[in-house]
Structure formats: structure tokens, C-alpha cells
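This briefing covers strand pairing and helix packing in one protein chain. The sequence and structure come first, and the notes follow by topic.

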Amino acid sequence: MSTPSLAALPIRRLTLRDLAACADLSEDRGWPREEHKWGFLLTAGKGWGIDDPEGGLVSACVVTEYGPHERPVLAAIGMVLVAGRHARQGVGRRLMRHVVSAMGTTPLTLHATPNGRSLYEELGFKVTGRAEMVVGRFTAGGPEPAVATRAATAEDLAAILRLDEQVFGTDRTHIVTRLPAFADQLRVAEESGRIVGYAAAWPNMATHVVGPLIARDTAVAQALIASLAAHTDRPLRTDIDVRHEELLAWVKERGLASVAFNSVMTYGITELPGDWSRRFAPVTVAAG
């Protein structure tokens with residue numbers, strides 16, 4: 001029996017049963033396996049993929065929707081991967097066209113690497129921002145943060161959800177409520193008994209990724225990063241909106257170095273909802 005062409009292979013929804021295959025696909029392309037992150041994305045969002053008749057996946061991606069369940073107001077696309085043996089054969093373009101079509105009129109966003117940007121522009125995505133990835137061992141220094149921080153408790157959840165919706169611009173309950181299980185740390189910044197910021201640090205291979213990072217201002221963001229760093233012996237990694245120049249300069253002074261820039265792209269909207277001035281870093285670039 002002849003092997004079907006790539007164009008004839010069906011696109012299907014992925015589930016947690018596909019976790020190992022997704023991790024294998026990451027490894028195939030030289031990425032870390034990131035099983036912890038894949039599990040989070042496949043449960044909080046929707047996975048799409050193409051099976052390889054010879055085993056494993058030809059291609060995969062995840063879509064994380066935000067807002068009312070039946071009428072999402074925004075969806076983030078991430079983890080778009082094509083197996084090396086099938087690269088440059090239009091597979092990624094076909095999968096992306098399918099996802100864009102399946103999402104209908106829902107506005108879309110994604111973080112594009114320099115290599116992937118041209119494909120997304122071809123599909124109608126526009127560059128609306130940039131994020132800078134920084135990685136390194138945080139070194140404490142300078143004056144102590146004036147804002148108090150502490151570990152979040154269950155009693156903080158309602159306040160965190162209210163703040164997150166104000167800043168992100170739509171409901172992210174299905175993401176935020178998963179953070180205590182997904183992250184090794186979830187901390188809040190508090191002033192006069194009111195939560196003015198929160199951040200998580202979740203494990204990703206040898207680092208702790210700081211995200212989301214939501215804060216009233218740069219000083220609060222600094223306090224949250226410093227408090228997360230004080231409770232881990234791993235290097236930190238985060239993706240900071242380049243408009244937050246003061247925070248980027250501060251983390252670089254304390255040991256983190258720039259390793260990459262991604263383009264923030266949108267489809268169907270000219271800019272992301274919410275308040276960018278208080279949105280410093282995403283939970284992960286794959287989920288916006």
C-alpha cells in the first residue's frame with residue numbers, strides 16, 4: 001500500500017494522550033521536550049495535529065482561547081512545529097490555515113520567531129509588538145523593593161482573577177486557576193492590603209520561567225521578580241514586552257542576558273486588548 005501524500009493526511013484534535021508524541025516532535029526539531037508545558041497547554045487549550053503514518057506526528061500546534069466558552073474574544077496560537085523530515089513541504093502552512101479557518105471570526109495572536117514570521121504574514125497576521133527573551137542567574141542588588149511580596153494563598157484567587165482580567169482584557173480563569181498546580185511559585189505584591197501585582201515561576205528544563213507577570217508598575221514588577229528569584233536556585237527566563245525598557249535594563253543589570261526577540265502578531269485586531277502598561281510578561285509565549 002502506498003503512503004498517502006502529506007496533503008491527504010487528516011488534521012485532528014490532539015489530547016493528553018498525544019503528550020509524548022508532542023514532546024517527541026519538539027525534540028525532533030531541536031527544542032527541549034517540555035512535557036510539563038505541553039501538558040498545561042493541552043489541558044488549558046486545544047491541540048491540533050497531523051499523524052505520521054510511520055508513527056508520531058507530522059505537525060502540531062496549540063490554541064488557547066480566552067473569554068466566554070462559546071464566544072471567545074481572543075485566541076493564542078503556539079507550539080507550531082513540523083517534523084524535520086517533513087519540513088519545507090507546506091505542512092505548517094496547511095495546519096495554520098486549518099486553525100485560522102476553525103477559529104472563524106475570533107481574533108488571533110501569536111509570538112513569531114524570525115524564521116516563522118514570513119509564514120504568518122502570508123496568512124494575514126500583522127506585527128503589533130515585540131518581546132525580548134532574557135535568561136540568566138538573577139543577582140540581588142541595589143535598594144530593597146519598597147513593595148511587599150508574599151506567597152499567594154487560596155484566599156487571594158478572586159483578587160488575582162479580577163486584576164488579571166483588567167490587565168489582560170478578557171477572562172483567563174481557566175489559565176490562572178491552573179497556575180498553583182503548574183507553577184512552583186505563585187506570588188503576589190501587596191500594598192495597603194490590596195493586591196497590585198502577581199507573578200508565577202514554572203519549571204522548564206533547567207530554568208524557572210517567570211510568567212505571567214502582571215504589575216501596577218515597574219517597581220512592583222521588580223519586587224515580584226526579586227522575590228521569585230530569592231526562592232529558587234535555578235536561572236530565570238522570561239519574555240518581556242520591549243516597551244518595558246526600564247524593567248529590561250534592570251534585569252540585565254542583575255545577570256539576565258538577552259537571547260532572542262519574537263514578534264507579537266495579531267489577526268483580526270490591530271492591537272491586543274487590555275492594559276499593556278501593566279502586562280509585563282505572558283504565562284508562556286505559546287499561550288499569550
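Thr64 stands opposite Ala76 in strand β4. The model is predicted. β4 covers residues 74–82 and pairs with β3 in the antiparallel sense, over seven bridges.

**Strand β3 and its partners**

- Strand β3 spans residues 57–66, and ten of its ten residues are buried, so the strand is largely enclosed by the rest of the structure.
- Besides β4, β3 pairs with strand β2 (residues 46–51), again in the antiparallel sense, and this pairing has six bridges.
- One position in the pairing with β2 is given by Gly49, whose bridge partner in β3 is Ala60.
- β2 and β3 form a hairpin with five residues between the strands, and in this hairpin Gly55 takes a positive phi near 115°.
- In a regular strand, side chains alternate between the two faces of the sheet.

**Helix α1: burial and cover**

- Helix α1 runs over residues 19–28, and its buried residues are Ala21, Cys22, Ala23, Leu25 and Ser26.
- The cover over these buried residues includes strand β1 (11–14), helix α2 (35–44), β3 and β4.
- Gly30, just after α1, takes a positive phi of about 85°.

**Helix α1 against helix α2**

- Two packed helices are described by the angle between their axes and the distance between the axes.
- For α1 and α2 the angle is about 130°, and the axes lie 10 Å apart.
- Angles over 115 and up to 145 degrees count as oblique, and α1 and α2 are therefore oblique to each other.
- The crossing of α1 past α2 is right-handed.
- From α1, Leu19, Cys22, Ala23 and Ser26 take part in the contact, and they meet Glu35, Trp38, Gly39 and Leu42 of α2.
- By class, the residues of this contact of α1 with α2 are five nonpolar, two polar and one charged.
- An α-helix has 3.6 residues a turn, so residues three or four places apart point the same way.

**Helix α8 against helix α9**

- Helix α8 (residues 218–229) packs on helix α9 (residues 245–253) at an angle of about 30°, with 10 Å between their axes.
- Angles under 35 degrees count as roughly parallel, and α8 and α9 are therefore roughly parallel to each other.
- α8 passes α9 in a right-handed crossing.
- The α8 side of the contact consists of Thr218, Ala221, Gln222, Ile225 and Ala226, which meet Glu246, Leu247, Trp250 and Val251 in α9.
- Six nonpolar, two polar and one charged residues make up the contact of α8 with α9.

**Strand β8 and its partners**

- Strand β8 covers residues 185–191; five of its seven residues are buried, so the strand is largely enclosed by the rest of the structure.
- Strand β7 (residues 148–151) runs antiparallel to β8, and four bridges join them.
- Thr149 stands opposite Ala189 in β8.
- Strand β9 (residues 194–204) also runs antiparallel to β8, and seven bridges join these two strands.
- The bridge partner of Glu191 is Arg194 in β9.
- β8 and β9 form a hairpin with two residues between them, and Ser192 in the turn has a positive phi of about 55°.

Notes. Residues numbered from 1 in each chain as written. Predicted model: local features only at pLDDT ≥ 70, side-chain atom pairs only at ≥ 80, totals over all residues. Heavy atoms only, no water. Axes fitted to C-alpha atoms, helices over the stretch in contact; angles between N-to-C directions. Parallel < 35°, antiparallel > 145°, perpendicular 65-115°, else oblique. Left-handed = near helix turned anticlockwise from the far one by under 90°. Contact = heavy atoms within 4.5 Å. Nonpolar A, V, L, I, M, F, W, Y, C, P; charged D, E, K, R; others polar. Buried < 20%, exposed > 50% of the residue type's maximum accessible area, 1.4 Å probe, protein only. Pairing = 2+ DSSP bridges.
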